[in-house]
Structures are given as C-alpha cells and as structure tokens.
Amino acid sequence: MAKRPGQKEKTPRQAMPEQPADVRKHNFEEVPTGYTIELAQAEASRCLQCKKPSCVAGCPVSVDIPGFISLITMGDFTGAIRNLWSKNALPAVCGRVCPQEIQCEGRCILARKGEAVAVGNLERFAADYERAYGSGALPPKAPATGKRVAVVGSGPSGLTVAGDLIAKGHEVTILEAFHKPGGVLVYGIPEFRLPKEIVAQEVNFLERQGVNLECNQVVGRTMTLDELFEQNFDAVYLGVGAGLPRFMNIPGENLIGILSANEYLTRANLMKAYKYPEVDTPIPIGKSVCVLGAGNVAMDAARTAMRLGADNVRIVYRRSEDEMPARKAEIHHAREEGIEFHLLTNPINYIGDEIGRLTGMECLKMELGEPDESGRRRPVPIEGSAFLIACDLVIVAVGSGANPLLTQSTPDLTLNQWGYISADPETGKTTKRGVWAGGDIVTGAATVILAMGAGRKAADSIHDYLTWGW
Amino acid sequence: MFKIVRREEMAQGTVILNEIEAPLIAKKANPGQFVILKAHEDGERIPLTMADTDPEKGTITIIYMVVGKSTAHFRDLAVGDAYQDVIGPLGKATHIENVGKVVCVGGGTGVAVLHPITRAMKAAGNDVTCIIGARTKELLILEEQMKSASHDLRICTDDGSYGRKGFVTEALKEVLDDETVNQVVAIGPVPMMKFVSKLTKEYKVPTMVSLNPIMVDGTGMCGGCRVTVGNKTRFACVDGPEFDGHLVDYDELMLRLQAYGKEEKECYEEYCTLRDA
Ligand SMILES: Cc1cc2nc3c(=O)[nH]c(=O)nc-3n(C[C@H](O)[C@H](O)[C@H](O)COP(=O)(O)OP(=O)(O)OC[C@H]3O[C@@H](n4cnc5c(N)ncnc54)[C@H](O)[C@@H]3O)c2cc1C
Ligand SMILES: Cc1cc2nc3c(=O)[nH]c(=O)nc-3n(C[C@H](O)[C@H](O)[C@H](O)COP(=O)(O)OP(=O)(O)OC[C@H]3O[C@@H](n4cnc5c(N)ncnc54)[C@H](O)[C@@H]3O)c2cc1C
Ligand code: SF4
Ligand code: SF4
Ligand code: FES
C-alpha cells in the first residue's frame, strides 16, 4: 500500500456537485450527480493514510478505507473497487446511504480539526466508475458443493448472503414477497437518493453468477419455512426486514389522507406512482403535508411530497434538532428544498370533514425533560399549548416493527419481546436448526450496512455448517 | 408469468372469470383467501379472492367485476395472455366448522367469493341455505354453482326480474324467523354487509363478513388496508379479510374505499377513451 507522508491538509473537502434545490425539488432524479475523476482524486489526496486508521473502526464492515482511497489517488479504479468488494458487496449503495458522519467519516482523524475525508463519496465514485467502465467480469466461483440455500427476502442482507454463498459454490435461491427484488432499497429509499437502476444492476450481477431469484413468494403463505426443508434446501437465511408500520394510535387516524410512510413510499418508489397516470397506481397528492418523525424515512417521505407538488411540507417531531435520527446530509437537503421543521411538536388528534378526509391535526408543544432509557431527554407536553395545523396529507414515519407473517407460521423460532427473531450476533444462528437470520428482522430497523454486515457473518456461518455441520 | 387458460364473461360482460396457471398457490389455497395480481410492468396490484382452485391442474380461478382502470385492463386479457405477477395465497382462510345451520348471503361479485366458502360449509356437514342477490336478472352470477354448493338456494333481484323482488336482507329475515340459524356468512357490497349484520345482531346470530379495503402489498407492511373492528384498527390483509360482522365499522370502510375516487375515475375514463379510439 502506498505510504504517504503526514501531509498537511491544504485541499478543502471536495463537495459533490448536485442539482440546485429549486430544480431538484420538482424532479425525481438523483440529487448529487457524482465526482469527476479530478474531484475524486483531489478528495482522495486529502486522506492522511493513517497507520492506525480510526475511520476503519467506525465502519461496521471494516472497509479498508486508506487502502481503497490510495488506489483512487493512483488512478487504479479497478483496484479500488476490488478492494471495496472484499468487505462490502454493495459499495454503490453504501456510498450513497450510509450515515457516514456517525460511522467512517465521524471517526476520521481529520474530522477532529476540520472536515473528514469524504469516504462515502469516494466509495460511490469507485462503484459508479466500475458500473460505467468496468469489465463486468464475474468474481471467481468455488466448485459446486451440491448444497442448496434459500434466502428469504432480497434486501441488502439477503443479497449479501446470496452473493457470498454463490461464490463459495453453493446453490442459492432468493425468495422475495414483492414482485421486485431489493427490499427497502427499491420500495423505501426514493429514486432521487438511490436510483433503482443501481439496485437492479446489483441483482442482475448476482443472477449472472447463478443466483436463482423468485419473486412473488411470500414465505409463511406461499410456502412455510418447514416446506423449504421438505424441498431439500439445506439451510435457510431469513432477511425479511422490519416492515411493519407503526401508527401513533391517536383519534382520527383512519381518515383519508393519513398514510404510513411504508404505504406512501411503496406507492411512490416500487409502484412508480409519481408517474401516475402513466402507471396505474395512484398516490395522494397533498397540498399541505405533515410528516411525523425525523428519521431517514421521514426525510424521504417529506422530500417525495415536495416533488409531487405540495405547497408546503412540514416535518413534525416531538424531540429537538439534536435528536433527529436522519443522516445529516438528508436533513440538510430537505432544508434546502424548503421543508419546514416543526420540532418539539406532538400530534394528539386528527380532524376530518364529513366525507372522512383529513383537514388538520391538533398538536401540543413539547419541552425537554429528564433523560429517558435511550439517554435522550424525554419530551414532555406543555400544558395548554394545543394548536392546530391545517393539512390534507399526513405521512406517519414514527418507526416500524417486526412483521409477524412468517414468524407466526413458524412456532419453533424464538422471538424477543418485540417480536424480532433471536439470533446469535456473531453467527446469525437462530434457535431453529438450519435457519439463520439477520438485518432489520433481528436488530429492529437499523441501517443498510449493518444488515449487510449481519449477512456476511451469517454467510460464513452457513458455509461452515454446510461444510462441517451445525 | 401466469397464463390465463380459461376466460368467461358473466353478467353481460361486467363480470369476468379467469382461470390462471399458478400451481404453488393452487396447492396451498383455502376458501376465503385471496391473491394479488398485476397485469403488466406498470400495473397496479389488485386483490381478488380465489373463487376456485384446482390443485391437480395447478390453476386458480378469479371472478371480478370491471369497475376501474385495472379491472378494465384485466378484461382485455385473452386466453393465452398472462398476468405478470400473482401473489398468494394471502389473508386468513375461513374458519370452517360444523355448527349446524348456516346461511350464506351474497350480493354482486361477492357471490364469487362466497362460493368456495359455501361449498366448504356444506362439505363440513352443515345444513346450508344460500341467498344471493343482484340488481337485475342479467347481473346474477353463479346460480348453478351456488345451487349445488348449498341445500337450498334463494334468489332476490332488486327489480323483481328474477326470484323474489327485494333485497337479500328481506329473504334472510324470513329464514331467521322460520329456523334456528347458527351462523351467517355475508359477502357483497359494503352496504349489504352492513345491513345483514344489523339484522343478524338483532337475532344474535354470529355473522362473518369479508372486507375489501384498498390494498398495496397484502402482507401487512403498508397499513393501507386498515379497518376498524370492535374499535380496534386491524389490517384486513393479514388479520382478515374475514371479520365478525357485528363489530365492523362499515361507514368508515365505505369512506376509505373512496380515497382515490377522483383520480381513479379520471384514469378509467382516459383508459376507455384510448381503448375505444
Ligand atoms: C425509507 C427508508 C429510508 C432509509 N434510509 C436509509 C439510509 O439512508 N441509510 C441506511 O443505512 N439505512 C436506511 N434505511 C434503513 C435500511 O434500509 C434498512 O435497515 C435495511 O434495508 C434493512 O435490510 P434488510 O435486508 O434487513 O431488510 P429489507 O431491506 O427490509 O428487506 C427485506 C425484504 O424481505 C422481503 N420479505 C419480507 N417478508 C417476507 C416473506 N415472508 N417472504 C419473502 N420475502 C419477505 C421484503 O419484501 C423485503 O424485500 C432506510 C429505511 C427506509 C424504510
Ligand atoms: C381481499 C379482497 C378481495 C377482493 N375480491 C374481489 C373479487 O373476488 N371480485 C371482485 O370483483 N372484486 C374483489 N375485490 C375488489 C377489487 O380489488 C377492486 O374492485 C379493484 O381493486 C378495483 O380496481 P380498479 O383499478 O379496476 O378500480 P379502481 O379504479 O381502483 O376503483 C374503481 C372504483 O372502485 C372503488 N374501489 C377501489 N378499490 C376497491 C376495493 N378494494 N374494493 C372495492 N371497491 C374499490 C373505488 O373507490 C372506485 O370507486 C376484492 C378486494 C379485496 C381487498
Ligand atoms: S460501508 Fe459505509 S461506513 Fe463503511 S466505509 Fe463505506 S460508507 Fe463508510
Ligand atoms: S482516518 Fe481519515 S485520514 Fe486517516 S486513513 Fe481514515 S480517512 Fe484517511
Ligand atoms: S395491504 Fe398493506 S398492510 Fe394490508
């Protein structure tokens, strides 16, 4: 690896070019347009090539950050992507959606004094370069073992398991409930943040390697988990995500105009309803929109509503700015696009007209009290502060839970108190022989990279099992 | 791809039957369950109940009324054409048990949904009376099939053009007055289920209805299908589609079915104009 002398930081962090806010808020194209080679190399040259790189410790899958960055500075982009692939199967995705500021970039030595190296942007650059100019050559594949693995769910964790196990010579079948593969990457995260083309290419790459993809298969309904073993699968990985929408349970919640973020984003992304009536699935168009919550899901919903032609879009969140869980980049982009933030505000009641349509939302002002179990200061209502926000569309993005569809039909799978599957954090083994689980269905809603990390560990453990036994 | 192997028109072409190749689903389905179908790449996901299944042949049968753009598109599919996606079986299967006397009440295309349930109720040893209704004679479907699925079939039309004149609720009231009924199953337009449930509540007869809210995924992940049953929010695609008829908030369901009314009407009209042009 090229060693660079402790270079002083001169070059500032290279911003990635992006569509101007007043243009992009009317289209669904990707917001940041990507580094040029010059920008990428300028940014890469900022990395100090630390001997004990703290950034790597911040990455859940320990990407060799100085390694791939130095390959970019040397102009060896193919080497850079190979280096990335050895730890991370979906760099084009992670470069775009990882919460870098609390992971790799948050730990970068340069972040202490100034601005961190743009690890995510560089990762995206290497992956995009490969997609555009790479050979598309398939990775080497071990001789066939004759073992068969079923992967349930085609989100990032399932895709990772499939990729790892096909390379090790096993036969892999992905079973996906939706009509399209990709999990949250296709139904949740919008086109303007993660073009669906990228996900489709990643899936295609797996299929070219021999992974068998079967959509429209709802495990627990179309077939049970036990039936998969009857069909001679030797091992099963469950990566079914945390797709159960949570509502606020406040009066009036079933009025027309109140949707879960899952429904709203599925209509917009998976069903492409933003092209309605060119496509057949409609989506409600709000003039005055409120989004409840302040995570990535909320930002995505708010920015989608803006693009669909809302006059105003408000994020309504019961805690304060500091507690907002979304990636900093998304909050920043949302602000630029004119999304308003109503913080320390909590809805208590929906109001509708005589034909059942939402017309407004009654809210309370909150203040921060003592810290709660999560260590964040608990929001408490301010007496007599009730006020009304007029709105015709509310998107509820206050979190999600475990969908019981599969687990209910598999009684011998141990669940934790919230209904998530209990699995060994190191291996992904569940309490049921031959069954592994990982990603959001084990941890609760988390991140793409954590779901992939869990997939990689499980793939190793499945491979051991298929080689040596349980 | 899911090929159509048989197609029939009923009720003057307003109701269509498709028998579709879907071996995995056919093997697994039970009465009361539904599938979600999507005709083509940009199509909508449409829930329809399986009116019949043939596990040996590997086919399922759907019967649907043409009401909007997507069902109009389905109508244009011929034998040999295929649905791009069929997902299922979804929802809970009907609880079938020998309870004694059962009355099955169906209206409109609800009769198609009712048919496999009626047959199963009879096969379980129940004494089954069946009451089916339509606005007028030409719109009545599955008369022969319902006759053989039950012990006693009664027909009502709103205009008196066939069977007795009047609503199914009137015929049901007669049966309830004459005999001890242990269970009623009512499937049809929401107002019909509402009034049947109102009546059977007076007679304290347990009543099961099958609800048809707007759905997207059909697996419990969007919440678009939420209905209020016994003052609790339930997801019809996973908790239902069948519920205790005495506890359902029908007025809310009727309003919610209109959520996309305006957009869909425009879309349908545009589709028809294009198609007829
Ligand atoms: C709107 C949104 C924005 C997000 N933004 C970010 C972000 O910016 N950065 C980030 O790191 N993370 C983000 N996340 C979180 C991240 O997407 C998830 O943590 C991650 O996708 C979890 O991956 P997974 O593989 O565990 O499950 P999922 O991606 O949820 O995939 C699960 C798959 O399993 C399928 N499935 C479910 N049940 C069955 C069944 N019974 N049979 C067959 N298939 C089934 C589902 O249809 C789905 O395709 C976001 C999430 C959402 C919803
Ligand atoms: C579990 C379930 C089972 C069903 N089984 C059958 C069946 O066996 N046969 C059958 O004919 N229909 C059935 N339906 C209803 C069917 O799904 C709708 O008629 C269909 O979605 C309408 O689609 P469209 O695009 O053609 O019409 P749209 O353009 O979507 O709607 C046209 C009109 O129908 C109303 N509408 C929209 N969605 C529904 C809905 N889900 N139910 C009732 N009205 C609706 C709209 O408000 C509008 O007025 C079922 C629905 C569910 C949820
Ligand atoms: S995978 Fe994510 S956390 Fe790891 S280096 Fe890449 S962007 Fe950073
Ligand atoms: S900590 Fe920052 S400067 Fe050091 S190797 Fe990592 S990215 Fe480069
Ligand atoms: S249709 Fe989405 S939860 Fe029922």
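Biologist: What makes nine residues of the shell around ligand 3 nonpolar in this predicted model?

Modeller: The division follows residue type, and cysteine counts as nonpolar, whereas Glu counts as charged and the types outside the nonpolar and charged groups count as polar. The shell around ligand 3 comprises nine nonpolar residues, three polar and one charged. Among the residues that come nearest to ligand 3 are C59(A), C98(A) and C104(A), together with Q103(A) and E123(A). By the rule on types, C59(A), C98(A) and C104(A) are therefore nonpolar, Q103(A) is polar and E123(A) is charged.

Biologist: How do you know which residues of the shell around ligand 4 are polar or nonpolar?

Modeller: The shell around ligand 4 holds ten nonpolar residues, one polar and no charged. Its members include C47(A), L48(A), P53(A), S54(A), I65(A) and V117(A). Ser is absent from both the nonpolar and the charged types, so S54(A) counts as polar. Helices α3 (54-58) and α4 (65-73) of chain A each supply at least two residues of this shell.

Biologist: Why is T49(B) called buried?

Modeller: The relative accessible area of T49(B) is 19%. Buried requires a value under 20%, so T49(B) meets the criterion. The residue belongs to strand β4 (residues 46-54) of chain B. Beyond its neighbours within four places in sequence, T49(B) is in contact with G32(B), Q33(B), F34(B), T61(B), I62(B) and V113(B).

Biologist: What makes β11 and β16 of chain B edge strands?

Modeller: In chain B, seven strands form an open sheet of mixed pairing, in the order β11-β10-β9-β8-β12-β13-β16. Strands β11 (164-165) and β16 (242-244) of chain B each pair on one side only, and are the edge strands.

Biologist: How do you know that β8 and β9 of chain B pair?

Modeller: Pairing needs at least two bridges, and seven join β8 (residues 101-107) to β9 (residues 127-134) of chain B, so the two strands pair. These strands run parallel. One of the bridges links K101(B) with D127(B) in β9(B).

Biologist: Which helix lies across β8 of chain B?

Modeller: Helix α6 (residues 190-202) of chain B lies across β8, β12 (183-187) and β13 (207-210), running at about 165 degrees to β12(B).

Biologist: Where in chain B is confidence lowest, and where is it highest?

Modeller: Confidence is lowest in helix α9 (residues 261-276) of chain B, at a mean of 66, and highest in strand β3 (residues 34-38) of chain B, at 97. Where pLDDT is low, the predicted coordinates should not be read in detail. The mean pLDDT of chain B is 91, with 94% of its residues reaching 70 or more. The model scores ipTM 0.93 and pTM 0.93.

Definitions and conventions:
Residues are numbered from 1 along each chain as its sequence is written. Chains are lettered from A and ligands numbered from 1 in the order in which they are written. This is a predicted model: local features need pLDDT of at least 70, side-chain atom pairs count only at pLDDT 80 or more; totals for chains, interfaces and linings use all residues. Side-chain values use heavy atoms; hydrogens and water are left out. A residue is near a molecule or strand if one of its heavy atoms lies within 4 Å of it. Helices (H or I, at least four residues) and strands (E, at least two) are DSSP runs, numbered from the N terminus. Contact means heavy atoms within 4.5 Å. Axes are lines fitted to C-alpha atoms, for helices over the stretch in contact, and angles run from 0 to 180 degrees between N-to-C directions. pLDDT is the predictor's confidence in each residue, from 0 to 100. Buried means under 20% relative accessible area, exposed over 50%, partly exposed in between (1.4 Å probe, protein chains only).
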